[in-house]
Amino acid sequence: MSNKRLDFGSRCSQNLTLFVRNDMNLFAYHLPLDGHPEVGNAAVLGRLIGCMLQEPFGDYKGCATGIKGTLDKPLPASQLRQILESVLNHPVILASPNENQSIHSIGIITGGANREWKLAANEGLDAYITGEISEHDWHDSQEHGIHMFAGGHHATERFGIKELMRKTELHFEIKCSYIDSDNPV
């Protein structure tokens with residue numbers, strides 16, 4: 001247990017004080033929302049691009065961090081990139097051994113999981129979608145035959161919270177608000 005005290009002079013604590021003083025609730029968490037099979041970032045993004053037959057994918061301390069599945073119809077890598085850019089409303093970097101090659105199976109772990117393309121390769125998947133990419137992952141994923149798509153850390157991690165918000169509004173009949181961040185990465 002930590003003996004650290006909250007610094008009430010910090011910007012974070014000042015922001016939280018605004019919520020408390022105005023009788024507002026703040027709901028925020030990260031990792032559990034990434035891999036949730038129904039409202040997770042990866043699951044919702046997958047459904048939006050036509051990835052069906054989803055299964056858990058990735059691992060962090062025994063918990064799935066994303067999904068894997070198959071596209072309802074195989075697409076060339078270049079076309080999947082266009083679809084992702086439209087869904088994400090964000091530029092997508094594609095590291096591809098052949099942009100005309102068809103993709104049928106994909107793994108998705110949103111955000112900063114750029115090194116996890118190796119899981120997709122080990123499972124025999126055609127492609128891997130995440131938020132970030134590094135120079136060595138750009139080269140290594142292509143050398144291993146994986147089409148790697150990097151659509152932006154923030155851009156790939158907005159879907160789960162919006163879906164959870166929608167379900168919360170329906171189930172509990174309360175109003176929820178999503179406050180987006182102007183984040184280019």
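Here are some questions and answers about this protein chain, which is shown as a predicted model.

Q: How many helices and strands does the chain have?
A: Let's start with the order of the elements. From the N terminus they run α-α-α-β-β-α-β-β-α-β-α-β-α-α. Counting the two kinds gives eight helices and six strands.

Q: What percentage of the residues in the chain is buried?
A: A residue counts as buried when its relative accessible area is under 20%. The chain has 185 residues, and the buried ones make up 38%.

Q: What share of the contacts with a separation of 6 or more links residues 24 or more positions apart?
A: A contact here means heavy atoms within 4.5 Å. Among contacts with a separation of 6 or more, the pairs that lie 24 or more positions apart account for 52%.

Q: How far apart do the centres of the positive and negative side chains lie?
A: The chain carries 16 positive side chains and 23 negative ones. Each set has its own centre, and the distance between the two centres is 7 Å.

Q: Which residues of strand E6 are buried on the two faces?
A: In a regular strand the side chains alternate between the two faces of the sheet. E6 covers residues 147–150, and both of its faces are covered. One side has His147 and Phe149 and the other has Met148 and Ala150, so the buried residues are His147, Phe149, Met148 and Ala150.

Q: Which residue in E6 is the bridge partner of Leu94?
A: Strand E3 spans residues 93–95 and pairs with E6 over three bridges in the antiparallel sense. For Leu94, the bridge partner in E6 is Phe149.

Q: In which sense do E5 and E6 run, parallel or antiparallel?
A: Strand E5 takes in residues 127–130, and four bridges join it to E6. Ala127 stands opposite His147 in E6. The two strands run parallel.

Q: What is the handedness of the β-α-β unit made by E5, helix H6 and E6, right-handed or left-handed?
A: Follow the path from E5 over helix H6, residues 135–143, to E6. With the strands pointing away from the viewer, a clockwise path counts as right-handed. This unit is right-handed.

Q: How many of the eight residues of helix H3 are buried?
A: H3 runs over residues 41–48 and is mostly covered. The buried ones are Asn41, Ala42, Ala43, Val44, Leu45 and Gly46. Out of eight residues, the buried number is six.

Q: Which residue just after H3 takes a positive phi?
A: Look at the stretch that directly follows this helix. A phi of about 90° is found there, at Gly50.

Q: Is Asn89 buried or exposed?
A: Asn89 has a positive phi of about 55° although it is not a glycine. Asn89 sits in the loop between helix H4 (77–88) and E3. Its relative accessible area is 68%, and a value over 50% counts as exposed, so Asn89 is exposed.

Q: What is the relative accessibility of Glu173?
A: Glu173 is not a glycine, yet it has a positive phi of about 55°. Glu173 lies in the segment after helix H8 (159–172). Glu173 counts as exposed, with a relative accessibility of 72%.

Q: How far apart in space are Ile161 and Val39, C-alpha to C-alpha?
A: Ile161 has its place in helix H8, and Ile161 is partly exposed with a relative accessible area of 22%. In sequence, Ile161 and Val39 are 122 residues apart. In space, C-alpha to C-alpha, the distance is 7.5 Å.

Q: What is the C-alpha to C-alpha distance between Pro184 and Leu71?
A: Pro184 is placed in the segment after H8, and at 67% relative accessibility Pro184 counts as exposed. Pro184 and Leu71 are 113 residues apart in sequence. Their C-alpha to C-alpha distance is 28 Å.

Q: Which residue in E2 is the bridge partner of Pro56?
A: Strand E1, residues 51–57, and strand E2, residues 66–76, run antiparallel and are joined by five bridges. Within E2, the partner of Pro56 is Ile67.

Q: Which residue in E4 stands opposite Pro76?
A: E2 also pairs with strand E4, residues 102–108, in the antiparallel sense over six bridges. Opposite Pro76 in E4 stands Ser102.

Note on methods: Residues are numbered from 1 along each chain as its sequence is written. This is a predicted model: local features need pLDDT of at least 70, side-chain atom pairs count only at pLDDT 80 or more; totals for chains, interfaces and linings use all residues. Side-chain values use heavy atoms; hydrogens and water are left out. Buried means under 20% relative accessible area, exposed over 50%, partly exposed in between (1.4 Å probe, protein chains only). Lys and Arg count as positive and Asp and Glu as negative; His and the chain ends are not counted. The place of a charge is taken as NZ of Lys, CZ of Arg, CG of Asp or CD of Glu. Two strands pair if DSSP finds at least two bridges between them.
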